[in-house]
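Morning, everyone. I have one structure to go through today, and I'll start with a single strand and work outwards. Here it is.

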Amino acid sequence: MFRLRRFLKGYIFQLTVGPLCKLIEAVFELMIPMITADIIDTGVKNNDAGYVLSRGGLMVLMGALGLCFALVCQKSASIASQGFGTKLRNAMFRHINTLSYEEIDRIGTPSLITRMTNDINQLQLAVAMLIRLVIRAPFLVIGAMIMAFMIDVRMALIFVVAAPLIALVLYIVMTRSVPYFKAMQKKLDRVSLISRENLSGNRVIRAFDKQDYEQQRFDSANSELASTAVRVGRISALLNPITYTIAQAAIIAIVWMGSCYVDSGSLQTGQIIALVNYMTQILLAMIVVSNLVVIFTKAAASASRVNEVFDMQPSVTEKTHKDISPDENAPAVVFDNVCFAYGSGGYALKNISFSVKRGMTVGIIGGTGSGKSTLVNLIPRFYDVSEGSVSVYGNDVREYSFEQLRSVMGIVPQKAALFSGTIEDNLRWAKKDASDEEINKALRISQSYEFVEKMPEKTKKTVTAGGKNLSGGQRQRLTIARALVGSPEILILDDSASALDFATDAALRKALRDETKGMTVFMVSQRVGTVRYADKILVIDNGELAGQGTHNELVKSCPVYREICLSQLRAEEVEN
Amino acid sequence: MKDKSKGSSAATLKRILKYASPYKGRIVLALLFAFLYVVLNLTAPVLVGYAIDNAVGTGQVNYGMILELLLLTGTVVVMSSVFQWLMNLCTNYVAYFTVRDLRRDICRKFNTVPLKYIDGHPHGDLLSRMINDTDSIGDGLLQGITQLFSGIVMILCTLGFMIFLNIYIALVVVIITPLSMFVAAFITRLSQRMFREQSAAQGELSSYIEEYVGGQKIVKAFGYEQRSQESFEQINSRLQQCGQKSQFYSSLANPSTRFVNGLVTAAVCITGSLSAIQGTLSVGQIAAFITYANQYTKPFNEVTGVIPQLQSALAGADRVFAMLDEADQTPEPENVQELSSCSGSLDIKNVDFSYVPDRPLITDFSLRVKPGQRIAIVGPTGCGKTTFINLLMRFYDIDEGAIMLDGKNIYELTRSSLRRSYGMVLQESWLYNATIRENIAYGRPDATMDEIRAAAKKAYIDRFIERLPEKYETMITEEGGNLSQGQRQLMCIARVMLCQPPMLILDEATSSIDTRTEIRIQRAFAEMMKGRTSFIVAHRLSTIKEADIILVMKDGNIIEQGSHDELMQRKGFYCNLYNSQFSS
């Protein structure tokens with residue numbers, strides 16, 4: 001947690017002044033019962049109305065001053081904590097931008113999102129509490145004890161017994177209920193899981209006529225949740241009554257012992273009242289302390305999750321930021337005995353070697369998990385090879401800067417995601433200043449021109465996050481268009497036509513062939529129809545290159561390819 | 001959309017109370033305990049005050065009286081604590097069990113509303129009614145009402161006690177305290193506006209993170225990092241500004257309340273002491289007054305704090321009741337028949353159907369299917385192939401015409417017997433969080449282990465299951481996450497195999513299934529279809545060509561029907577589709 005203190009730099013002023021002001025307010029607060037005692041023991045006893053009024057005025061003044069100090073503190077706390085959170089978020093976003101695929105895959109996007117939102121919010125709250133309460137609450141407890149000692153050492157013993165007792169009760173009740181809260185969360189997760197299943201499987205449930213069974217299943221999880229919740233309630237409902245009882249018992253003791261000392265003349269009545277008030281203050285401050293413990297325990301967990309992200313070093317790093325000169329005569333892409341493993345797992349790709357001439361169309365086919373996507377991800381260096389090398393235009397990809405390497409490529413990822421903004425905004429990703437002509441050309445090749453034209457706002461149509469307001473097929477075609485703007489030299493389509501119907505898929509392939517002369521195209525697919533007319537087909541099976549060549553060559557020579565073909569086409573279609 | 005007048009929130013409140021009525025006894029007890037707790041809680045300071053009055057000075061201490069009073073105080077404190085605890089127990093019980101009942105009814109509703117409702121509402125929204133809205137009803141309304149009640153009782157009783165002690169000082173307190181309410185209300189108004197702005201900015205930032213971290217691969221591919229960092233920092237600094245303001249405003253509440261409390265204490269001290277000098281008040285009574293003055297603002301703050309909670313609970317309740325008020329699917333007619341056996345002959349006569357009135361989808365569609373025939377449904381993605389399945393299985397009701405199964409109108413059959421006569425394997429293969437055995441036996445829970453194993457064998461999934469460490473007792477994690485898509489589909493096939501239904505509805509996978517599994521699925525499909533009337537949402541040419549009847553769908557409508565050769569001769573949409581797939 002303390003490692004994150006670097007983000008507090010620049011808020012030293014707020015961090016000092018804030019708690020200091022809160023401390024002054026607390027001192028004032030601690031004085032009030034003393035003044036009350038004075039008023040009673042001096043003012044009332046001596047029938048001195050003037051004394052009463054002057055001391056009363058002092059109380060009001062101290063209250064007002066206390067308010068001012070408190071406001072300064074709250075202001076400091078809000079500035080420092082929000083500033084801290086903002087800096088932290090900016091730094092984290094920047095750090096995430098430097099990470100490679102491998103690290104992002106390892107943590108996972110949803111987890112990164114919660115770390116950036118919930119966890120940082122939790123830390124922000126901790127910073128605010130640090131300024132506002134961390135000094136104040138314990139100070140009030142200790143201060144009230146000291147005041148009690150100052151009034152009467154013998155009476156203070158009651159405080160010495162009562163305060164730890166209250167702390168103990170708080171500790172026991174809290175630690176006892178934590179496991180129950182976890183259990184309750186689990187039960188709640190189960191209820192929501194069954195609800196989700198009932199929604200997503202609604203058709204199947206009705207088809208099998210299992211409504212009653214599902215209701216029973218839900219009822220039992222639901223009732224379990226309710227009874228667990230009631231059990232938890234039984235424990236946490238004890239907190240207030242018990243602490244209240246202890247404080248009141250202490251007050252009774254104070255009055256009883258106090259009366260004895262009043263009788264012997266060593267204590268005054270007003271001082272009893274002051275002691276009673278200090279006891280109440282301790283109780284309230286203790287409850288605050290227990291809440292602080294909860295906040296900081298959570299914050300520590302959040303901090304370690306946040307630090308985990310910062311500790312992650314990108315596995316793929318740039319050797320240079322300068323451009324190097326590509327070899328004009330070298331093949332576009334060469335894989336030389338490439339092996340690749342994710343993390344410490346087994347090989348995802350093994351001994352892959354092939355060469356692709358400029359302008360070639362390469363089809364890559366294989367089952368799910370065979371390593372097709374992994375293979376194309378090595379070309380723009382989203383991952384680094386474990387062994388062997390990948391070269392683009394004669395140079396090892398590790399020699400290029402990211403910018404130079406990736407600027408010659410157009411990449412269409414498997415998941416067709418667009419970003420919120422207009423269609424045009426999305427298309428200008430690769431080239432900020434692309435002309436309308438370029439954009440229209442990309443739309444035409446990707447078979448998107450027609451449907452975009454049909455929209456009333458055309459390319460100005462707003463796309464919602466992820467492109468959810470477009471159909472899967474439209475989204476996929478637009479991601480292809482996005483990659484085509486800026487006329488990349490190498491185009492990588494990672495199973496990018498899966499949501500298209502056969503007719504559109506065929507038209508897209510035809511347009512790509514006719515309109516993009518000289519472009520080297522990699523086309524990953526599960527469909528034989530998509531790759532069969534490619535200049536070269538790579539068949540990937542279980543991470544290994546099972547064959548390479550044209551459709552006709554592979555049908556004869558490669559059993560894996562033949563099997564794939566037969567599963568999708570009829571025998572006579574395979575042959576011709 | 002609805003005018004939320006006072007009347008309607010009262011109606012909602014009444015309805016929630018009706019839901020809580022099985023726990024009437026506990027509600028009454030909770031209120032009773034709340035009352036007792038508050039009264040006893042307020043008696044303690046008075047008793048302590050009297051005790052202090054019995055210790056005026058040296059030699060003026062009445063030990064007997066003090067002891068008596070303190071013992072009484074002890075009893076009162078213990079009793080008050082016990083009542084507070086009991087009150088909490090009762091409200092907890094009522095709240096959690098009422099929430100349970102609400103959830104039970106929502107779940108029942110999920111399975112009785114027309115499927116149209118489930119299809120037409122985002123599942124996240126329905127789920128949040130089930131989980132969050134019911135929670136806020138439990139917290140806000142049921143616990144809130146007790147808080148409100150005890151808060152009000154506390155205010156009234158404190159007032160009563162203070163007037164009983166000394167009316168003038170009571171008046172001073174009564175005049176100053178509302179100040180804290182004004183201050184609190186003012187702060188709430190201020191901070192609420194800021195909170196709204198803050199949560200809007202927070203939402204914007206979250207969706208930005210979601211988009212750009214989720215799309216990180218694309219960001220990298222296009223070298224977009226710098227541009228995205230800039231926009232991020234922009235949103236972030238906006239969040240900083242409104243976050244700082246809202247935090248500051250909301251943090252004003254505590255010190256301000258403390259200040260008002262201090263004012264009240266000072267006022268009580270001054271007026272109390274002056275009265276004591278005049279002899280109209282005792283020192284112990286001043287002490288009691290100070291305790292009251294310290295406590296008096298608390299219930300006010302609690303009551304004002306409960307109001308927004310109540311409002312959000314009422315809003316949640318409105319959403320929950322709106323769902324519960326949704327009409328159920330049309331009830332079965334009285335003369336409804338049970339379909340006992342079925343040959344699988346189907347006669348669809350002049351059917352009209354539309355999802356949205358005024359936008360006809362299927363018009364005057366007729367089809368005659370003989371037992372054992374195969375019908376392939378083809379068309380581009382998103383052409384509405386599921387519509388047809390929806391009508392056959394009565395997930396949706398047709399508008400006009402008739403569907404006859406073995407000569408009987410399916411609307412005169414029970415839904416359950418009709419649906420049981422179909423076996424359905426959809427692409428999004430649904431499995432639930434239970435063991436593999438339970439999942440396969442979903443349609444026939446009484447099946448023996450041998451039958452289950454036989455079904456798994458026929459679906460070519462038996463060997464995979466046997467390789468798992470716990471075999472058939474392996475738990476399937478949420479929505480089948482620990483199985484591949486192909487394995488999930490094979491599991492669904494086994495589930496249908498076990499039921500041996502006379503008719504089948506199958507959905508061929510489009511992609512993301514590896515070749516070997518795909519071959520298994522095809523073989524399993526072929527096995528299953530033997531002698532059964534089958535409807536197949538087809539993607540594979542071989543399936544299409546071998547079908548007895550091909551239904552070609554486009555934009556939700558059935559535009560052509562016939563065998564492969566007939567349709568090719570017609571040179572229509574199908575012919576085009578076919579040619580585009582295999583010529584290049």
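Please look at strand S3 of chain A, residues 361-365, where 5 of 5 residues are buried. Bear in mind throughout that this is a predicted model. The cover on S3(A) is on both faces: Thr361(A), Gly363(A) and Ile365(A) are buried on one side, and Val362(A) and Ile364(A) are buried on the other.

Which strands does S3(A) pair with? One is strand S10 of chain A, residues 520-525, with parallel pairing over 5 bridges. Another is strand S11 of chain A, residues 536-541, also in the parallel sense, over 4 bridges. Ile364(A) takes part in both pairings: its bridge partner in S10(A) is Val524(A), and in S11(A) it is Leu538(A).

Ile364(A) also takes us to the core. The largest nonpolar core has 193 residues, and Ile364(A) is among those with the most contacts inside it. Others on that list are Ile254(A), Leu275(A), Met279(A) and Ile492(A), together with Val48(B) and Phe289(B) from chain B. Helix H10 of chain A, residues 269-311, gives the most to this core, with 14 residues. A second core of 77 residues lies apart from it, and includes Leu346(B), Tyr422(B), Ile465(B) and Phe535(B). As background, nonpolar side chains in soluble globular proteins tend to be buried together.

Take Ile254(A) as an example from the 193-residue core. Beyond its neighbours within four places in sequence, Ile254(A) is in contact with Met155(A), Ile158(A), Ile272(A), Leu275(A), Val276(A) and Met279(A).

Now chain A as a whole. The secondary structure of chain A amounts to 21 helices and 12 strands. Of its 576 residues, 47% are buried. Chain A has a radius of gyration of 36 Å, where a compact globule of 576 residues would have one near 25 Å. Along the principal axes, its C-alpha atoms fill a box of roughly 115 × 65 × 50 Å. If we take contacts in chain A between residues at least 6 apart in sequence, 77% of them join residues at least 24 apart.

Next, the contact between the chains. Chain A puts in 131 residues and chain B puts in 120. On the chain B side, helix H3, residues 63-112, gives the most, with 22 residues. That side of chain B divides into 60 nonpolar, 43 polar and 17 charged residues.

Chain B is assigned two domains: domain 1 is 7-166 + 300-330, and domain 2 is 372-380 + 422-582. Their C-alpha centres lie 54 Å apart.

Chain B also has an open antiparallel sheet of 4 strands, in the order S2-S1-S4-S5. Its edge strands are S2 (362-369) and S5 (408-409), each pairing on one side only. Strand S1 of chain B, residues 346-353, and strand S4 of chain B, residues 400-405, pair over 5 bridges in the antiparallel sense. Leu346(B), which I mentioned for the 77-residue core, has Leu405(B) in S4(B) as its bridge partner.

Last, a cysteine. Cys157(B) is in helix H5 of chain B, residues 123-165. Is Cys157(B) buried or partly exposed? Cys157(B) counts as partly exposed, because it has 18 C-beta neighbours inside 10 Å, and a buried residue needs 20 or more. Cys157(B) and Val39(B) are 118 residues apart in sequence, yet their C-alpha atoms are 6.8 Å apart. Outside its neighbours within four places in sequence, Cys157(B) is in contact with Val38(B), Val39(B) and Leu42(B).

Technical notes: Residues are numbered from 1 along each chain as its sequence is written. Chains are lettered from A and ligands numbered from 1 in the order in which they are written. This is a predicted model: local features need pLDDT of at least 70, side-chain atom pairs count only at pLDDT 80 or more; totals for chains, interfaces and linings use all residues. A nonpolar core is a set of buried Ala, Val, Leu, Ile, Met, Phe, Trp, Tyr and Cys residues joined through C-beta atoms within 7 Å. A residue is buried if 20 or more other C-beta atoms lie within 10 Å of its own, exposed if 12 or fewer, and partly exposed in between; C-beta atoms are placed from the backbone. Helices (H or I, at least four residues) and strands (E, at least two) are DSSP runs, numbered from the N terminus. Two residues are in contact if their C-beta atoms, placed from the backbone, lie within 7 Å. The radius of gyration is taken over C-alpha atoms; the globule rule is 2.2 Å times the number of residues to the power 0.38. Ala, Val, Leu, Ile, Met, Phe, Trp, Tyr, Cys and Pro count as nonpolar, Asp, Glu, Lys and Arg as charged, and the others, Gly among them, as polar. Domain bounds come from an automatic or database domain assignment. Two strands pair if DSSP finds at least two bridges between them.
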